[in-house]
Amino acid sequence: MAMASRAPLPDRPPAAPNGGVQVIARAAQILRALDGEPDGLSLSQLSERLGLPRSTVHRVVSALAAEGLLAAASPNGRVRLGPEIARLALASRRELRQELRPYLQRLFDDLNETVDCAVLDGDHLRFIDQIAAPHRLRAVSSVGATFPLHCTANGKALLAELTPEEVARILPTRLRRCTPATITARAQLMAELETVRETRVAFDREEHTTGISAAGIAVRDPFGALAAISVPMPTQRFEGRGPEISLALRQVRRDILAVLGVADDRA
């Protein structure tokens with residue numbers, strides 16, 4: 001099957017009234033199944049995984065490939081997410097960054113500490129924006145840098161927005177120890193994520209970098225784009241400010257979701 005060609009779609013019988021919606025749902029199922037599969041999946045694997053007829057998978061995959069949303073992953077018919085997905089994701093990140101920038105500024109003005117924004121990038125988080133604290137002793141990270149998910153406040157906030165099954169798929173088999181405080185037991189991390197799902201605030205207490213602590217939240221826009229905002233600082237300034245920082249982050253989270261038109265189930 002030539003993924004690069006833009007051949008006309010095969011003729012199909014007239015769709016039922018809800019046929020268009022069903023096709024969109026199946027396309028979304030296929031795209032989600034290929035998320036996190038850099039080597040791609042075959043049509044048979046997709047059919048088995050999704051419980052769909054192979055002919056249906058073939059038809060939907062052909063249409064997605066014609067739009068650049070899927071691409072060939074191997075000569076024998078495996079497919080993966082295509083370049084158009086990356087372009088749309090990048091556009092979404094730029095838009096989300098612009099949406100969140102005023103709230104980063106608000107936190108910076110209120111707390112006088114570094115505030116950053118990060119998104120999921122495979123099994124890491126990637127910084128997309130930051131306002132650095134004016135202090136000589138401060139916590140900063142380069143925009144574009146990647147950090148682990150399991151030992152950072154923003155990473156744990158992002159993980160808490162996913163289902164336990166998604167978390168298990170994303171996390172590496174062995175959690176790398178970055179400092180003596182890093183959580184490396186998966187059961188302990190999963191228990192902490194349950195707490196984050198309740199409180200909506202995640203913490204990094206010198207788990208990624210000795211001497212640096214942080215608190216973070218995550219937000220999801222109506223289209224599913226996910227981002228985390230965190231406030232990192234030297235532990236000596238973080239100690240005693242946890243409640244203040246948590247309150248500021250929760251208020252910002254509520255306001256962001258209200259502006260985005262997303263219901264806050266922990267309001």
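Among contacts in this chain between residues at least 6 apart in sequence, 57% join residues at least 24 apart. The model is a predicted one, and the exercises below walk through it piece by piece.

**Exercise 1. Getting an overview**

Find out how many helices and strands the chain has, and what share of its residues counts as buried.

*Solution.* Start with the secondary structure: the chain comes to nine helices and eight strands. Then turn to burial. The chain has 267 residues, and 43% of them count as buried.

**Exercise 2. The surroundings of strand β8**

Work out which strands are joined to β8, in what direction they run, and how covered β8 is.

*Solution.* Begin with β8 itself, which spans residues 226–234. This strand is mostly covered, with nine of its nine residues buried.

Next, look at β7, residues 212–220. Nine bridges join β7 to β8, and the two run antiparallel. To find your place in this pair, locate A215, which stands opposite V231 in β8.

Now follow the chain from β7 to β8. The two strands form a hairpin with five residues between them. In the turn sits G224, whose phi is positive, at about 95°.

Finally, look for β3, residues 115–121. Four bridges join β3 to β8, again in an antiparallel arrangement. Here the residue to locate is A118, which stands opposite A228 in β8.

**Exercise 3. Positive phi outside glycine**

Locate N112 and E206, give the phi of each, and decide whether each is buried or partly exposed.

*Solution.* First, a reminder: most residues other than glycine have a negative phi.

N112 is not a glycine, yet its phi is positive, at about 60°. You will find N112 in the loop between α4 (83–111) and β3. Its relative accessibility is 35%, so N112 counts as partly exposed.

E206 is not a glycine either, and its phi is also positive, at about 60°. E206 sits in the loop between β6 (202–205) and β7. With a relative accessibility of 26%, E206 counts as partly exposed.

**Exercise 4. Reading the salt bridges**

A search of the whole structure finds 12 salt bridges. Take the pairs R49 with E37, R241 with E113, and E194 with R197, and describe where the partners lie.

*Solution.* The background is simple: side chains of opposite charge can pair when their charged atoms come close.

Step one is R49 and E37, whose side chains meet at 3.2 Å, N to O. R49 lies in helix α2 (residues 43–50) and E37 in the loop between α1 (19–34) and α2, so this pair ties together parts that are 12 residues apart in sequence. R49 is partly exposed, with a relative accessible area of 47%. E37 is partly exposed too, at 23%.

Step two is R241 and E113, with the closest N and O atoms 3.4 Å apart. R241 lies in the loop between α8 (235–238) and α9 (242–260), while E113 lies in the loop between α4 and β3, so the pair ties together parts that are 128 residues apart in sequence. For burial, recall that the cut-off is under 20% relative accessible area. R241 has 18% and is therefore buried. E113 has 2% and also counts as buried.

Step three is E194 and R197, with the closest N and O atoms 2.7 Å apart. Both belong to helix α7 (residues 186–199), and because they are three residues apart, about one helical turn separates them. E194 is partly exposed, with a relative accessible area of 41%, whereas R197 counts as buried at 12%.

One last step: salt bridges that share partners join E113, R237, R241 and E244 into one network.

**Exercise 5. Two helices that cross**

Describe how α2 and α3 cross, and name the residues that meet there.

*Solution.* Start with the axes. Those of α2 and helix α3 (residues 54–66) come within 9 Å and cross at roughly 115°. The crossing is right-handed.

Then list the residues in contact. On the α2 side they are L43, S44, L46 and S47, and these meet R54, V57, H58 and V61 in α3. Sorted by class, the contact has four nonpolar, three polar and one charged residues.

Note on methods
Residues are numbered from 1 along each chain as its sequence is written. This is a predicted model: local features need pLDDT of at least 70, side-chain atom pairs count only at pLDDT 80 or more; totals for chains, interfaces and linings use all residues. Side-chain values use heavy atoms; hydrogens and water are left out. Buried means under 20% relative accessible area, exposed over 50%, partly exposed in between (1.4 Å probe, protein chains only). Two strands pair if DSSP finds at least two bridges between them. A salt bridge is a side-chain nitrogen of Lys or Arg within 4 Å of a carboxyl oxygen of Asp or Glu. Axes are lines fitted to C-alpha atoms, for helices over the stretch in contact, and angles run from 0 to 180 degrees between N-to-C directions. A crossing is left-handed if the near helix is turned anticlockwise from the far one by less than a right angle, and right-handed if clockwise. Contact means heavy atoms within 4.5 Å. Ala, Val, Leu, Ile, Met, Phe, Trp, Tyr, Cys and Pro count as nonpolar, Asp, Glu, Lys and Arg as charged, and the others, Gly among them, as polar.
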